Amino acid sequence: MAVDRGQRGAERPGLRPPGRQFGYAIDKADTLRRSARILPLLEAHLGQHAWLAAAQPTIADCAVFPYVALAPEGGVDLEPWPQIRAWIQRVKALPDFLPMPGV
């Protein structure tokens with residue numbers, strides 16, 4: 001599938017307009033439904049564990065972090081999820097953490 005490089009977000013150069021990414025439309029309602037199902041599971045896990053897969057950070061934390069940390073850019077509110085927000089801060093506090101736009 002070819003990526004449509006002709007459409008850029010006017011408000012943030014280099015980013016696609018909201019609702020369109022990687023050359024196809026994004027179903028925001030579906031995304032919000034999925035996050036409403038997944039975030040409680042993540043919150044419950046992080047209420048009992050500091051990290052996702054082990055007693056220390058692992059590749060699981062690295063892999064999941066950008067999706068969760070950038071969720072507010074997609075309209076997903078993280079305010080109701082204190083354990084998730086604390087986990088985001090723990091990841092950002094790791095030695096040699098390299099921030100990315102939006103985080």
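K92 counts as partly exposed, at 31% relative accessibility; here buried means under 20% relative accessible area, exposed over 50% and partly exposed in between, with a 1.4 Å probe and protein chains only. K92 is found in helix α3, where helices (H or I, at least four residues) and strands (E, at least two) are DSSP runs numbered from the N terminus. Leaving aside residues up to four places away in sequence, K92 touches F65, F97 and V103, a contact being heavy atoms within 4.5 Å. From C-alpha to C-alpha, K92 and F65 are 9.5 Å apart in space and 27 residues apart in sequence.

Before going further, please keep in mind that this is a predicted model, in which local features need pLDDT of at least 70 and side-chain atom pairs count only at pLDDT 80 or more, while totals for chains, interfaces and linings use all residues. Residues are numbered from 1 along each chain as its sequence is written, and side-chain values use heavy atoms, with hydrogens and water left out.

**The overall layout**

The chain has three helices and two strands, and from the N terminus on its elements run β-β-α-α-α. Of the 103 residues in the chain, 21% are buried. The chain exposes about 7100 Å², and carbon and sulfur atoms supply 61% of that area; accessible areas come from the Shrake-Rupley method with a 1.4 Å probe, and for residues only the protein chains shown count as cover. Take the contacts between residues at least 6 apart in sequence: 46% of them join residues at least 24 apart.

How far can you trust each part? The predictor's confidence in each residue is its pLDDT, from 0 to 100. The mean pLDDT of the chain is 85, and 79% of its residues reach 70 or more. Confidence is highest in α3, at a mean of 98, and lowest in strand β1 (residues 20–21), at 62. Over residues 1–11 the pLDDT is below 50, and this stretch has 19 contacts in the model beyond near neighbours in sequence.

**The aromatic cluster**

The structure holds two aromatic pairs. Rings of Phe, Tyr and Trp (its six-membered ring) pair if their centres lie within 6.5 Å; planes under 30 degrees apart count as stacked, over 60 as edge-to-face and the rest as tilted. Here are the two pairs:

| Pair | Ring centres apart | Angle between planes | Type |
|---|---|---|---|
| F65 and W87 | 6.1 Å | 65° | edge-to-face |
| F65 and F97 | 5.7 Å | 85° | edge-to-face |

F65 lies in helix α2 (residues 59–69) and W87 in helix α3 (residues 82–92), so their pair ties together parts that are 22 residues apart in sequence. F97 lies in the segment after α3, so its pair with F65 ties together parts that are 32 residues apart. Ring pairs thus link F65, W87 and F97 into a cluster. Which members of the cluster are buried? F65 is buried, with a relative accessible area of 4%, and W87 is buried at 0%, whereas F97 is partly exposed at 23%.

There is also a charge to look at: R90 lies over the face of W51, at 5.7 Å from the ring centre. A charge sits over a ring if NZ of Lys or CZ of Arg is within 6 Å of the ring centre and within 35 degrees of the ring normal.

**The core around W87**

In soluble globular proteins, nonpolar side chains tend to be buried together. In this model, the largest nonpolar core has 16 residues, and those with the most contacts inside it are L39, L42, V68, L78, I84, W87 and I88. A nonpolar core is a set of buried Ala, Val, Leu, Ile, Met, Phe, Trp, Tyr and Cys residues joined through side-chain atoms within 4.5 Å. The elements giving two or more residues to this core are α1 (28–48), α2 and α3, and its largest share, four residues, comes from α3.

Not counting residues up to four places away in sequence, W87 touches L46, A50, W51, L52, D61, V64, F65 and V68. One of these partners, V64, is found in helix α2 and counts as partly exposed at 30% relative accessibility. With the same sequence neighbours left out, V64 touches L52 and W87. The C-alpha atoms of V64 and L52 are separated by 8.9 Å, and these residues are twelve apart along the chain.

**A serine in α1**

Finally, S35 is found in helix α1. Is S35 buried or exposed? S35 counts as buried, at 15% relative accessibility. Beyond residues up to four places away in sequence, S35 touches P40 and V76.
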